[in-house]
Amino acid sequence: MPEHNPNQSTPRDGDHGHHSHSQHHHHRRTYESSQLKNNNRFSKKRRKMISNVLFISLSIVAALIMIAVIWLYTVE
């Protein structure tokens, strides 16, 4: 009895020539998985960068407001 090769083109007994679901999509899942990991990693970096930019921007706005309030109360 020859050994079973999952990549063979002839169907096995009872297989009817169909691949099982996991064999059929194996490479696609691997690709989608690595693509998802890359998207998540870039997403994290993008969120961190946006967070830093917003923090700096809002800190500058807060400092300007404080300077304006101090200036209004000290100038007569």
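Val 75 counts as partly exposed in this predicted model, because its relative accessibility of 42% falls between the limits of under 20% for buried and over 50% for exposed residues. Val 75 is found in the segment after helix H2, which covers residues 26–74, and this valine also belongs to a nonpolar patch on the surface. The other members of that patch are Val 61, Ile 65, Val 69, Trp 71, Leu 72 and Tyr 73, and together with Val 75 they present about 770 Å² of accessible area.

For the protein chain as a whole, the architecture consists of two helices and zero strands, and the totals for burial and exposure are as follows.

| Property of the protein chain | Value |
|---|---|
| Buried residues, share of the 76 residues | 1% |
| Exposed area | about 7700 Å² |
| Share of exposed area from carbon and sulfur atoms | 61% |

Turning to the aromatic side chains, a search of the whole structure returns zero aromatic pairs. An aromatic ring does, however, take part in a contact with a charged residue: Arg 41 lies over the face of Phe 42, at 5.5 Å from the ring centre.

Terms used: Residues are numbered from 1 along each chain as its sequence is written. This is a predicted model: local features need pLDDT of at least 70, side-chain atom pairs count only at pLDDT 80 or more; totals for chains, interfaces and linings use all residues. Side-chain values use heavy atoms; hydrogens and water are left out. Rings of Phe, Tyr and Trp (its six-membered ring) pair if their centres lie within 6.5 Å; planes under 30 degrees apart count as stacked, over 60 as edge-to-face and the rest as tilted. A charge sits over a ring if NZ of Lys or CZ of Arg is within 6 Å of the ring centre and within 35 degrees of the ring normal. Helices (H or I, at least four residues) and strands (E, at least two) are DSSP runs, numbered from the N terminus. Buried means under 20% relative accessible area, exposed over 50%, partly exposed in between (1.4 Å probe, protein chains only). Accessible areas come from the Shrake-Rupley method with a 1.4 Å probe; for residues, only the protein chains shown count as cover. Patches are made of residues with over 30% relative accessible area and no salt bridge: like charges are joined within 9 Å, nonpolar side chains (Val, Leu, Ile, Met, Phe, Trp, Tyr) within 5 Å. A salt bridge is a side-chain nitrogen of Lys or Arg within 4 Å of a carboxyl oxygen of Asp or Glu.
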